[in-house]
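Hi,

Here is the structure I promised to pass on to you. Have a look at it first, and then read on for what turned up in it.

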Amino acid sequence: MKMDQKPTATLLELAAKSLLSNEPAAIHALNEIPRDLFVTLFNAAFLGGHKQMLKAMVRVWPFCCLHVGSLNTQESYYEILEAMIDGLQILPAQNSSSWGPKLRILDLRHDPDCGTTCSQIRTTFPFCFQSCIYSQRSILKIEEAQHNVRCLGTGNSESEPQSAQEPMELLVDISLTGTWRTEQFLSFLLSKVEQSSGSLHLCCRDLQIEKISAHKSILQFLDLGCIEHLDIDQAYLSEVTTLLARVINVSGLSLSNIPFKSYKGRNFRSFLIWLGQLDNLQEFSLSFFSLKDQLHRLLRVLPSQMDMLSLSYCDLSSRDVTVLSQSCQATYLRALNLSSNQIFSEADEPFQTLLEKVSGTLEHLEITNCMITDSTLSNVLPALSLCSNLRILSFAFNPITMPALKSLLQHLTHLMKLKYVIYPIPVHCYEEWNFRDTLDQQKLAKVQAQLNAMLQEVKRDDVNWTTFPE
Ligand SMILES: [Zn+2]
Ligand SMILES: [Zn+2]
């Protein structure tokens, strides 16, 4: 199995490491080292936190794009990113390197599936799988416009500034949490974009915001049309709505702690209207958002085919679950989270119907802290065992006894895709149910041993049964 590749990689890595042992000499040698060594050298420099080297490498990077990709570092993370941004040649290069193409897309996002560069795979535009397709300031749109100008002969080609800087993109995930270091990083980012006088497009695909009101100015600055994932915590509904009108391409939206006065009010109605405009929405999460008996209004505006719906702490009623079970969304959902809602207080039929409806697609189900009792669980089991694609089941913090837990395990053994179950600690392990201090660790250990023995017996020890991670 790939016996021939491993030693080669190790040799390259060794060469990179030995080069980096003398950083100034390595930087000096950058103009002479072969192009093929750049990726390995970059990986080593990133992991070793060689900031000067990283800056120098970005400056002479011999490919069109550079992705941080799967590389990860805890130490001086922002310093490393800043050094790389600093290496970007946002002004026309004095003496560009002899290898031809230079860096056009610097991607600082952590993405385990992304390689360091796409340039070896693609030679024609779009040369990078990650290039921006939305912003008017993107390479794609600017070059399209320039091409049109040339073809149509509009504008005087003589007077076109030949030396103008080529458009570039800086891809970065932004987290507006208000910490000092984040603020410093942001102002560094903004100053770079300003220095570029329009040639550098700051492309943010993943934006997290805590308290919208504290970040008004940066939100004005960003092109929100580029955002694919938006995560908002603590904001007024009217503030959220204003933002929704600008994040038109978002595919994942998560809203948490959004207070509002009434369902009848104008704010809730315009929230629904703008939410309904998000045609690309695939994943939608609401938490700590009161929705009691109102879920039908939400489902009416959401796209009919969605991957994920998460509604924890939404005060859902069993009427809401009925509505969900009858919705078109239910037929497509791959992930569903209804945790921390009292949906089983009246009857559990709506939930059974819902499970039957989602059973064809559901891979991930969370019903943690829903006051599921033994009788509810036994009623729900037949529907649950229909979910043949289920991979993860989380139902911690529910008052279940040991016999019910065993019965659940027996019912789920034929679900071959199931790999992970987070189960509630059975009631007999507590002196007082769900009070952590009264938990008897020995009893819990015995429960785990019993479950493991049962799993082994039915040859399903590939499934990880565990209590809620501490
Ligand atoms: Zn690329
Ligand atoms: Zn963009």
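Let me start with a pair of helices: the axes of helix 14 and helix 15 come within 10 Å of each other and cross at roughly 0°. Helix 14 and helix 15 are therefore roughly parallel. On the helix 14 side the contact is made by Asp374, Leu377, Leu381 and Leu384, and on the helix 15 side by Ala404, Ser407, Leu408, His411 and Leu412. Sorted by class, these residues are 6 nonpolar, 2 polar and 1 charged. Please keep in mind throughout that this is a predicted model.

Each of these two helices also has another partner. For helix 14 (residues 374-384), that is helix 13 (residues 349-358): the two pack at an angle of about 15°, and their axes are 8 Å apart. Because angles under 35 degrees count as roughly parallel, that makes helix 13 roughly parallel to helix 14. The crossing of this pair is right-handed. If you want to find the contact on screen, look for Phe351, Gln352, Leu355 and Glu356 in helix 13, which meet Asn379, Val380, Ala383 and Leu384 in helix 14. This contact divides into 5 nonpolar, 2 polar and 1 charged residues. You may recognise Leu384, which is listed in the contact with helix 13 and also in the one with helix 15.

For helix 15 (residues 402-412), the other partner is helix 16 (residues 441-457), with axes that come within 11 Å and cross at roughly 25°. Helix 15 is thus roughly parallel to helix 16, and helix 15 and helix 16 cross in a right-handed sense. Here Met402, Leu405, Lys406, Leu409 and Gln410 of helix 15 meet Val447, Gln450, Leu451, Met454 and Leu455 of helix 16. Of the residues in this contact, 7 are nonpolar, 2 polar and 1 charged.

Now to the metal sites. Which residues hold the zinc ion (ligand 1)? Its coordination comes from Cys65 (SG), His67 (NE2), Cys118 (SG) and Cys128 (SG), at 2.1 to 2.3 Å. The angles among the 4 donor atoms run from 103 to 119°, which makes the arrangement tetrahedral. Along the sequence, the spacing of these donor residues is C-x1-H-x50-C-x9-C. His67 belongs to strand 1 (residues 65-69), while Cys118 sits in the loop between strand 2 (105-110) and helix 6 (139-152), so this pair ties together parts that are 51 residues apart in sequence.

The zinc ion (ligand 2) is coordinated by Cys132 (SG), His201 (NE2), Cys203 (SG) and Cys226 (SG), at 2.1 to 2.3 Å. With 4 donor atoms at angles of 103 to 111°, the site of ligand 2 is tetrahedral. Its donors follow the spacing C-x68-H-x1-C-x22-C along the chain.

Happy exploring, and all the best!

Key. Residues numbered from 1 in each chain as written. Chains lettered and ligands numbered in written order. Predicted model: local features only at pLDDT ≥ 70, side-chain atom pairs only at ≥ 80, totals over all residues. Heavy atoms only, no water. Axes fitted to C-alpha atoms, helices over the stretch in contact; angles between N-to-C directions. Helix = DSSP H or I, 4+ residues; strand = E, 2+ residues; numbered from the N terminus. Parallel < 35°, antiparallel > 145°, perpendicular 65-115°, else oblique. Left-handed = near helix turned anticlockwise from the far one by under 90°. Contact = heavy atoms within 4.5 Å. Nonpolar A, V, L, I, M, F, W, Y, C, P; charged D, E, K, R; others polar. Donors = N, O, S within 2.8 Å, 3.2 Å for Na, K, Ca; no water. Tetrahedral: all angles 85-135°; square planar, octahedral: opposite > 155°, others 65-115°.
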